[in-house]
Amino acid sequence: MIAAVSLGFFGSIFALVGMKCTKVGGSDQTKAKVACVAGMIFILSGLCSMTGCSLYANRITSEFFDPTFIAQK
């Protein structure tokens, strides 16, 4: 989840630089490439988030259905 948050932050920065309305970033072709990189980073961030949530949910369900787990359910 920490990786997902940090990737989302950097994706937002790249997306801000890649927008057509900003003056930073150079030509339109360069801005398009930066915007594409921002989209890829957002997709990677989503995959990291989905992986983290799925692993946590798997751990919770496996502990809940484990008869030898003694903690409060």
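## A helical segment, a buried lysine and two ring pairs

Over residues 35-57 the chain is 100% helix and 0% strand, and the C-alpha atoms at the two ends of this stretch lie 33 Å apart. The model is a predicted one, and the choice of these residues comes from UniProt, where an unreviewed entry lists 35-57 under the feature name "transmembrane region". The helix called α2 covers residues 28-64, while helix α1 covers residues 2-18.

A residue of helix α1 offers a way to see which parts of the chain meet. A4 lies in that helix and counts as buried because its relative accessibility is 7%, under the 20% limit that the term requires. Leaving aside residues up to four places away in sequence, A4 touches S45, C48 and S49. The C-alpha atoms of A4 and E63, by contrast, are separated by 25 Å, with these positions 59 residues apart along the chain.

In helix α2 the residue to follow is K31. Which side chain of opposite charge is nearest to K31, and how far away is it? The nearest is that of D28, at 6.4 Å, and K31, although buried, has no salt bridge; the distance to D28 does not meet the criterion, because a salt bridge requires a side-chain nitrogen of Lys or Arg within 4 Å of a carboxyl oxygen of Asp or Glu. The side chain of K31 does, however, reach the backbone oxygen of T22 at 2.7 Å. T22 also appears among the residues that K31 touches when those up to four places away in sequence are not counted, a list that runs through V17, G18, M19, K20, T22, K23, V24, G25 and G26.

The aromatic side chains provide the last part of the picture, for the structure holds 2 aromatic pairs. One of them joins F9 and F10 in an edge-to-face arrangement, with 5.5 Å from centre to centre and 65 degrees between the planes. The other is formed by F64 and F65, whose ring centres are 5.1 Å apart and whose planes stand at 80 degrees, so that this pair is likewise edge-to-face. As for how far these rings are open to the surroundings, F10 is partly exposed, with a relative accessible area of 47%, and F64 is also partly exposed, at 45%. F65, with a relative accessible area of 63%, is exposed, because the term applies over 50%.

Technical notes. Residues are numbered from 1 along each chain as its sequence is written. This is a predicted model: local features need pLDDT of at least 70, side-chain atom pairs count only at pLDDT 80 or more; totals for chains, interfaces and linings use all residues. Side-chain values use heavy atoms; hydrogens and water are left out. Helices (H or I, at least four residues) and strands (E, at least two) are DSSP runs, numbered from the N terminus. Buried means under 20% relative accessible area, exposed over 50%, partly exposed in between (1.4 Å probe, protein chains only). Lys and Arg count as positive and Asp and Glu as negative; His and the chain ends are not counted. A polar contact is a pair of N or O atoms within 3.5 Å; within protein, one must be able to donate a hydrogen and the other to accept it, and residues adjacent in sequence count only if both atoms are side-chain atoms. Contact means heavy atoms within 4.5 Å. UniProt positions are given in the numbering used here, feature names are shortened, and annotations may be inferred rather than shown by experiment. Rings of Phe, Tyr and Trp (its six-membered ring) pair if their centres lie within 6.5 Å; planes under 30 degrees apart count as stacked, over 60 as edge-to-face and the rest as tilted.
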